[in-house]
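Subject: Handing over the structure

Hi,

Here is the structure I promised to pass on to you. Have a look at it first, and then read my notes below.

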Amino acid sequence: MAGRKLYLHIGSHKTGTTSIQFALMHNAEALVANGLQFFYEKQNGSWDGFPDLHDWIEYVEADRVVPKGARLSNLAGLVSRLSQYEQDIVASSENFSFFFEKKHIEELHKALSKIFDEIEVICYLRRQDQHIISHAQEGSKTSRHAEYDLWGNDIASLPAYDKRFDYYLDYNKRIGMWMDVMGDDAVTVRCFDQSRLLKGDTIADFFALLGIENYQPGAWRNVGKTSTQAKLGHLLIGSGADNQAKLFSLIDSLELPKRKMEPSRAEAEDFYNHYREGNAALATRLKECEFPEFFSSDFSEYPEQSTDVWNKDEIGEIFAAVFRVLGSNFFDFTPRDLLQAAAHSQRKGDIDAGIRFLKMAQIIRPDGPHIAKRLKELRDLKQPD
């Protein structure tokens with residue numbers, strides 16, 4: 001299998017990675033015709049689910065990405081699977097962007113070099129202010145522990161700068177580690193900017209890097225939340241409230257106007273200033289770079305004044321949407337329904353569930369004496385005098 005090549009797409013997050021991955025999956029025949037196999041098999045042998053290598057990557061510390069980042073969970077197993085193919089391989093996972101320690105890249109390179117004569121790492125980078133605005137929204141969704149840990153749950157669209165952001169956003173250091181290990185010529189870095197992508201499109205740009213012209217572009221993408229839903233999600237996570245999965249469903253069901261909530265131009269530029277010097281150093285290291293800082297320094301996309309704060313009309317819209325959902329769903333339950341559910345839970349020995357049903361019944365009928373009596377009885381059972 002001499003002469004085999006691996007194209008390893010490492011992200012970054014929020015740079016069209018989902019679109020690239022689904023385009024690769026749906027163009028499997030075009031890839032094969034060009035001597036390429038798109039690999040996204042899971043560790044259990046399944047090819048179901050998202051077409052990426054996420055299943056092979058784990059956080060060094062459970063549910064935490066800062067400070068140790070991620071690594072391959074079963075490197076020997078991955079190498080064994082990849083060695084079964086004779087074609088060149090293309091594989092993708094934006095979670096390689098969570099490799100914060102060089103030793104994990106070195107382990108990966110050492111293992112993959114045994115079966116590939118050439119490895120090309122492909123990475124798309126987004127200017128840091130633009131990246132965090134988009135990526136921090138992921139932390140407003142359920143079960144996004146890495147994003148919670150890395151970006152926090154600030155409801156501002158552009159979180160206030162924190163040194164921990166550098167683990168991800170210091171591209172000179174993070175991408176520099178890949179270049180140190182793989183070699184500068186083995187790492188292709190592309191700017192995620194519509195004006196600099198081939199045809200203004202990430203999929204077209206990526207397939208060009210693979211040398212493939214005949215493919216179906218498709219329109220696969222990871223749809224994000226609206227700004228208002230993202231803020232509500234951050235507030236929910238920060239509240240520590242119970243039943244968050246159900247409350248997330250409520251947020252997702254809200255019918256709200258789509259508004260673009262953004263920091264001011266000055267705020268965005270101040271944030272970016274933390275990374276100018278590092279970007280310039282990376283640009284110097286890269287052989288082809290249009291701008292001295294790798295990215296454009298045009299911040300005209302932002303408004304002069306921040307639009308990131310809810311005004312009284314927008315707050316009113318949010319509460320009206322919440323009331324509509326609750327009014328059309330929660331209050332469909334009758335006190336009798338909830339009393340019966342509480343009695344059923346008590347018979348099963350689940351006193352806590354019974355109390356929850358009775359508290360819901362009390363919201364619907366706050367002056368109901370029978371509900372109050374039954375609630376006291378169950379609370380007494382739970383905490384006897």
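Let's start with a term you'll need: a salt bridge is a side-chain nitrogen of Lys or Arg within 4 Å of a carboxyl oxygen of Asp or Glu. One example is the pair R64 and D149, whose side chains meet at 4.0 Å, N to O. R64 sits in the loop between β3 (57-59) and β4 (70-72) and D149 in helix α6 (residues 145-151), so this salt bridge ties together parts that lie 85 residues apart in sequence. (Helices and strands here are DSSP runs numbered from the N terminus: H or I with at least four residues for a helix, E with at least two for a strand.)

Before you go further, please keep in mind that this is a predicted model, where local features need pLDDT of at least 70 and side-chain atom pairs count only at pLDDT 80 or more, while totals for chains, interfaces and linings use all residues. Residues are numbered from 1 along each chain as its sequence is written, and side-chain values use heavy atoms, with hydrogens and water left out.

**The overall picture**

The protein has 17 helices and 7 strands. Its C-alpha atoms fill a box of roughly 80 × 55 × 40 Å, taken along the principal axes. How many of the 385 residues count as buried? The share is 48%, where buried means under 20% relative accessible area, exposed means over 50%, and partly exposed is in between (1.4 Å probe, protein chains only).

Now for contacts, meaning heavy atoms within 4.5 Å. Among those with a separation of 6 or more, 74% come from residues 24 or more positions apart.

On the outside, the protein exposes about 19,400 Å², and carbon and sulfur atoms supply 49% of that. (Accessible areas come from the Shrake-Rupley method with a 1.4 Å probe; for residues, only the protein chains shown count as cover.)

**More salt bridges**

The structure holds 29 salt bridges. Another one to find on screen joins E120 and K5, at 2.9 Å, N to O. This pair links distant parts of the chain: E120 is in strand β6 (residues 118-125) and K5 in strand β1 (residues 5-9), 115 residues apart. Are these two buried or exposed? E120 counts as buried because its relative accessibility is 12%, and K5 is buried too, with 13%. Compare that with R64 from the top of this email, which is partly exposed at 38%.

Then there is R144 with E138, whose side chains meet at 2.9 Å, N to O. E138 is buried, with a relative accessible area of 3%, whereas R144 counts as partly exposed at 26%. Both belong to a network of salt bridges that links K14, E138, K141, R144 and E147.

**Patches on the surface**

Patches are made of residues with over 30% relative accessible area and no salt bridge; like charges are joined within 9 Å, and nonpolar side chains (Val, Leu, Ile, Met, Phe, Trp, Tyr) within 5 Å.

Which residues form a nonpolar patch? They are I315, F319 and F323, with about 310 Å² of accessible area together. F319 lies in helix α14 (residues 312-329) and counts as partly exposed at 46% relative accessibility.

A patch of positive charge gathers K246, R356, K359 and R379. Of these, R356 is in helix α16 (residues 351-364), and at 47% relative accessibility R356 counts as partly exposed. For charges, Lys and Arg count as positive and Asp and Glu as negative, while His and the chain ends are not counted. The place of a charge is taken as NZ of Lys, CZ of Arg, CG of Asp or CD of Glu. Across the protein, the mean positions of the 47 positive and 58 negative charges are 6 Å apart.

**Backbone details to look up**

Where are the cis peptide bonds? One runs from G11 to S12, with omega near 5 degrees, and S12 lies in the loop between β1 and α1 (17-26). Another runs from V66 to P67, with omega near 10 degrees; P67 is in the loop between β3 and β4.

Also take a look at S143, a residue other than glycine with a positive phi near 60 degrees. S143 is in the loop between α5 (128-138) and α6, and is exposed, with a relative accessible area of 52%. N243 is not a glycine either, yet has a positive phi of about 55 degrees. You'll find N243 in the loop between α10 (227-239) and α11 (244-253), partly exposed at 48%.

Cheers
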